[in-house]
Amino acid sequence: MFTRNLAERCREAGVRFMMDTPIEGIQAAGDRIEGISTPQGLITGDDYVLSLGSYSPIVARPLGYSLPIYPVKGYSVTFPIRDGHVPPSMSGVDENNLVAWARFGNRLRVTATAEFSGYDRTHKPEDFDAMLRVAKQLFPHGADFSEPDYWAGLRPMTPENTPIMGKSRHRNLYLNTGHGHMGWTMACGTASVVADIMAGRQPAIDITGMTLA
């Protein structure tokens, strides 16, 4: 709901979303970015923000950047909640089993695991056995565990577990990436910081140690 409403607010403010548009490369001349190459042509702008999660290092590398961001695969499984089920009312973490859970409307999601496997996002049902076992133990009547929806994705982790923000060596390229497993939590805050930097304002927090400089 938050993401949909945010997107609608952005559209009302004049933002144009280009879905299913792969980035083929970033065109630079000297210390400036000239545009983003896509199958639909060159997309140009006054300023650019690199915010591609685990894929930021791949896109930035041809420009001479070596971003300390590493893809770490995480898994989640989501179950439908039906009449008669008693799901948890609050999100939480089982620290003994390192399993987290959260309710999303009529769905219960369980997440776990940190796996270094490059950019591989494949998965198989047995990868989720431990999560399923813990979910059934904690919430035996919490959801319909017979209809799991499996998913695996990449967390953009940094050595210090902090994002990389702010200016780059190119005058009109800014960074907002490397949020690890806290992307949702930090998204609005880091966006505000980067917006302040782009506008020449002093950010509300000290970002020493979270820049390329």
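Threonine 177 touches residues from several distant stretches of this predicted model. Leaving aside neighbours within four places in sequence, its contacts are Leu50, Ser51, Leu52, Gly53, Ser56, Ile69, Pro163 and Ile164. Threonine 177 itself sits in strand β11, which covers residues 173-177.

Is threonine 177 buried or exposed? Its relative accessibility is 1%, so threonine 177 counts as buried, because the cut-off for buried is under 20%. Its side chain also has a polar atom 3.4 Å from the backbone oxygen of glycine 53.

**From the contact list to the surface**

Leucine 52 is one of the residues in contact with threonine 177. Leucine 52 lies in the loop between β4 (48-50) and α2 (56-60). With a relative accessible area of 31%, leucine 52 is partly exposed. Leucine 52 also belongs to a nonpolar surface patch. Its partners there are Ile23, Tyr55, Ile58 and Tyr119. The patch has an area of about 400 Å².

**The chain as a whole**

The chain has 213 residues, and 38% of them count as buried. Its secondary structure comes to four helices and 11 strands. Along the principal axes, the C-alpha atoms fill a box of roughly 60 × 40 × 40 Å. The chain exposes about 13,200 Å². Carbon and sulfur atoms supply 53% of that area.

Now take the contacts with a separation of 6 or more. Residues 24 or more positions apart account for 63% of them.

An unreviewed UniProt entry annotates residues 2-196 as "domain: FAD dependent oxidoreductase". Over residues 2-196, the chain is 21% helix and 33% strand. The end C-alpha atoms of that stretch are 22 Å apart.

**Charged pairs**

Side chains of opposite charge can pair when their charged atoms come close. How many salt bridges does the chain have? The count comes to eight. Three of them, among the eight, are listed here.

| Basic residue | Acidic residue | N to O distance |
|---|---|---|
| Lysine 73 | Aspartate 120 | 3.6 Å |
| Arginine 82 | Glutamate 147 | 2.7 Å |
| Arginine 201 | Aspartate 196 | 2.8 Å |

Start with the salt bridge between lysine 73 and aspartate 120. Lysine 73 is in strand β5 (residues 70-80), while aspartate 120 is in the loop between β8 (107-115) and α3 (129-138), so the pair ties together parts 47 residues apart in sequence. The two ends differ in cover. Lysine 73 counts as buried, at 2% relative accessibility. Aspartate 120 is partly exposed, with a relative accessible area of 31%.

Next comes the salt bridge between arginine 82 and glutamate 147. Where do these two residues lie? Arginine 82 is in the loop between β5 and β6 (92-94), and glutamate 147 is in the loop between α3 and β9 (149-157), so this pair ties together parts 65 residues apart in sequence. Arginine 82 is partly exposed at 40% relative accessibility. Glutamate 147 is partly exposed too, with a relative accessible area of 42%.

The last pair in the table is arginine 201 with aspartate 196. Arginine 201 counts as partly exposed, at 46% relative accessibility. Aspartate 196 counts as buried, at 12%.

Salt bridges can also share partners. Here, such sharing joins Lys73, Glu115 and Asp120 into one network.

Notes
Residues are numbered from 1 along each chain as its sequence is written. This is a predicted model: local features need pLDDT of at least 70, side-chain atom pairs count only at pLDDT 80 or more; totals for chains, interfaces and linings use all residues. Side-chain values use heavy atoms; hydrogens and water are left out. Buried means under 20% relative accessible area, exposed over 50%, partly exposed in between (1.4 Å probe, protein chains only). A polar contact is a pair of N or O atoms within 3.5 Å; within protein, one must be able to donate a hydrogen and the other to accept it, and residues adjacent in sequence count only if both atoms are side-chain atoms. Contact means heavy atoms within 4.5 Å. UniProt positions are given in the numbering used here, feature names are shortened, and annotations may be inferred rather than shown by experiment. Patches are made of residues with over 30% relative accessible area and no salt bridge: like charges are joined within 9 Å, nonpolar side chains (Val, Leu, Ile, Met, Phe, Trp, Tyr) within 5 Å. Accessible areas come from the Shrake-Rupley method with a 1.4 Å probe; for residues, only the protein chains shown count as cover. A salt bridge is a side-chain nitrogen of Lys or Arg within 4 Å of a carboxyl oxygen of Asp or Glu.
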